[in-house]
Amino acid sequence: MRDGKISETLLAWYDTHARDLPWRVSPARRSAGQHPDPYRVWLSEIMLQQTTVAAVRDYFHRFTALWPDVQALAAAPDGDVMGEWAGLGYYARARNLLKCARIIASEFGGQFPTNHDALLALPGIGPYTAAAISAIAFDLPETVMDGNVERVMARLFDVHSPLPTAKPELKAHAAALTPQNRPGDYAQAVMDLGATICTPRAPSCNRCPLHSRCRARQTGTAAELPKKTPKAPKPTRRGIVYLLQRDDGAWLLERRPDSGLLGGMLGWPGSQWGETAQKAAPIKADWQVLPAEVRHTFTHFHLILTVKTATVSAARNPQTGFFLTREEFRPSDLPTVMRKAYDLAQSTMAAGVE
DNA sequence: CAAGCGTGGTG
DNA sequence: TCACCAAGCTT
């Protein structure tokens, strides 16, 4: 077709189809002179790393209600922020979020830098997020490259070489399309297209504004692009967690080390997770093995957890961890795998199994 | 630079 | 059921 540039077609589509997202300033409001809040753009982009809009929405609302600006977040206790992040995954993001907020508050006077390289130097902000903040918050003509853009470019230009090898080629295509006009809306338009129309499986080509320009659709290869190198199978690991409740209702918990899996999060005392891990209980007690196990899948392994429960008197102290009282302990502060163990223990007790 | 790092939705 | 996938970053 000869009906103008791809960027203009996408912007026109975005004007009528942009999703209403809590961190977004709609095209109508933006043309009326409203600007996005860089704090909210940054927070949303960190939450959206490898995470769907549906999963992020409630977390974004809770975070902005508790901490409406970067100074408020910078002043928050670590445990509060980690607890609010619990369940969202990739917990290094929460640790880096707090680090970054404190740098912005103390060294940047509470203002996010607009410059791409200055953004890139901040913790938790990589090439994608730096470009996204520059484009969306400051309307600068940066090219954002995420999974959506990679997929849209691979299909538009029918690129069959597999990821990650194809990244530079796809980035060149994306850069060539990035407009000087409304780059922030354009960046969101490409990603919205990838999230709602040009989806990984079963793309809705019949509804696509770039239908007539897409080479993969013409060739019939859209659904199989982008190609990816196959991933290694996940091994299965096993472990034990110990859920100890004091007779006043307090639970024994540990704060996990800052680095590594579930870093900085609350968790139950337990064994290492490996082939055949065993570990002594944190205190001598009448431990009960729950009749069901916890199954959970992480990025790179499956986990099967045996859950053991016991009750002790307040007079006795375990070798590890600390007690949180009924009032202090919120199950929602636990990462999902630990929450599953808690829920299993609760449902087992409710069923009357001692 | 390849591996480590969570979780919920989906087909 | 289960592998794949998501607005990636760090080491």
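Start by selecting DNA strand C and the 26 residues around it: Gln50, Gly124, Asp146, Asn148 and Arg151 come nearest. Being near the strand here means having a heavy atom within 4 Å of it. Before you click on, know that this is a predicted model, where local features need pLDDT of at least 70, side-chain atom pairs count only at pLDDT 80 or more, and totals for chains, interfaces and linings use all residues. Residues are numbered from 1 along each chain as its sequence is written, chains are lettered from A and ligands numbered from 1 in the order in which they are written, and side-chain values use heavy atoms, with hydrogens and water left out.

**At the DNA**

Colour the atoms of strand C that lie within 4 Å of the protein: 65% of them belong to sugar or phosphate, and the rest to bases.

Now zoom in on asparagine 148. An N or O atom of its side chain sits 2.2 Å from a phosphate oxygen of DNA strand C. That fits the rule for a polar contact (a pair of N or O atoms within 3.5 Å; within protein, one must be able to donate a hydrogen and the other to accept it, and residues adjacent in sequence count only if both atoms are side-chain atoms). Next, pick glycine 126, where a backbone N or O atom is 2.8 Å from a phosphate oxygen of strand C. Then try arginine 19: a polar atom of its side chain lies 3.2 Å from a base nitrogen of the strand.

Which elements give two or more residues to this surface? Select α9 (127–138), α10 (147–156) and α12 (183–196) to see them. Helices here are DSSP runs of H or I with at least four residues, numbered from the N terminus.

**Between the domains**

Colour chain A by its domain assignment, which is automatic or from a database: domain 1 covers 6–224 and domain 2 covers 236–350. Their C-alpha centres are 36 Å apart. Where they touch, nine residues of domain 1 are in contact with 14 of domain 2, contact being heavy atoms within 4.5 Å.

How many salt bridges does the rule find across this interface? There is one, with a salt bridge taken as a side-chain nitrogen of Lys or Arg within 4 Å of a carboxyl oxygen of Asp or Glu. Show the side chains of glutamate 84 and arginine 330, which meet in a salt bridge at 3.2 Å, N to O. Last stop: helix α6 (residues 78–85), which gives the most to the side of domain 1 that touches domain 2, with four residues.
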